[in-house]
Amino acid sequence: MTSEKTPILLVEDEFLIAIDVQMRLQEAGYAVLDPVGSVEEALAILDERPVGAAILDMNLRGTTSTPIAERLQAEGTPFIFLSGNDTYHQDEKFANHPVLTKPIDYGNLIGQMKAFCGY
């Protein structure tokens, strides 16, 4: 079922969180690429293949996922930010993109994916 669908890009530098998110989305029927933990890895994937949606950790090893978000936004690909900081103030240019805080509410995350992917 999921092999026919455009996969979701998951950018998360905390291994256990990344594996948990990937597993939960796969259990819900989504194709999820293996998680990556850096801006460079994510941009390399986007150079190689299309993705249907993305989940971006805000902070990646001391940097932000802003370059990935800018690329996705320019390409019209929907994405969600994940943040471990509940006081994060979203950049105005990304105001139309949801921010979910950690710990992750998986019902909300899967609801967002349904809205993005249509299933």
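**Helix H2, its flanking loops, and the H1/H4 crossing**

Ser38 sits in the loop that links helix H1 (15–27) to H2. The model here is a predicted one, and in it this serine is buried, with a relative accessible area of 12%, which is under the 20% cut-off for that label. Its side chain has a polar partner: the side chain of Glu41, at 3.0 Å. Setting aside neighbours within four places in sequence, Ser38 is also in contact with Val11, Leu60, Arg61 and Ile68.

Next comes helix H2 itself, which spans residues 39–48 and has Val39, Ala42, Ile45 and Leu46 as buried residues. These four share one side of H2, because the arc they cover around the axis is only 130 degrees. As background, an α-helix has 3.6 residues a turn, so residues three or four places apart point the same way. On H2, the face turned away from the buried side carries Glu40, Asp47 and Glu48, which are exposed.

What do the buried residues of H2 pack against? Their partners are strand E1 (8–11), strand E3 (59–60), strand E4 (63–64) and helix H3 (66–75). The contacts of Ser38 can be read alongside that list, since they include Val11, Leu60 and Ile68.

Past H2, the loop leading to strand E2 (53–57) holds Gly52. Unlike buried Ser38, Gly52 is partly exposed, with a relative accessible area of 24%. With neighbours within four places in sequence left out, the contacts of Gly52 are Thr6, Pro7, Thr77 and Pro78. As for Asn108, 56 residues separate it from Gly52 in sequence, and the C-alpha to C-alpha distance between the two is 18 Å.

That leaves the helix pair H1 and H4. Two packed helices are described by the angle between their axes and the distance between the axes. For H1 and helix H4 (residues 106–117), the axes come within 11 Å and cross at roughly 60 degrees. The two helices are therefore oblique to each other, and the crossing is right-handed. Which residues meet at this crossing? From H1 come Asp20, Val21, Arg24 and Leu25, and from H4 come Tyr106, Leu109, Ile110 and Met113.

Terms used
Residues numbered from 1 in each chain as written. Predicted model: local features only at pLDDT ≥ 70, side-chain atom pairs only at ≥ 80, totals over all residues. Heavy atoms only, no water. Buried < 20%, exposed > 50% of the residue type's maximum accessible area, 1.4 Å probe, protein only. Arc of directions from axis to C-beta. Contact = heavy atoms within 4.5 Å. Polar contact = N/O pair within 3.5 Å; in protein donor to acceptor, adjacent residues only side chain to side chain. Axes fitted to C-alpha atoms, helices over the stretch in contact; angles between N-to-C directions. Parallel < 35°, antiparallel > 145°, perpendicular 65-115°, else oblique. Left-handed = near helix turned anticlockwise from the far one by under 90°.
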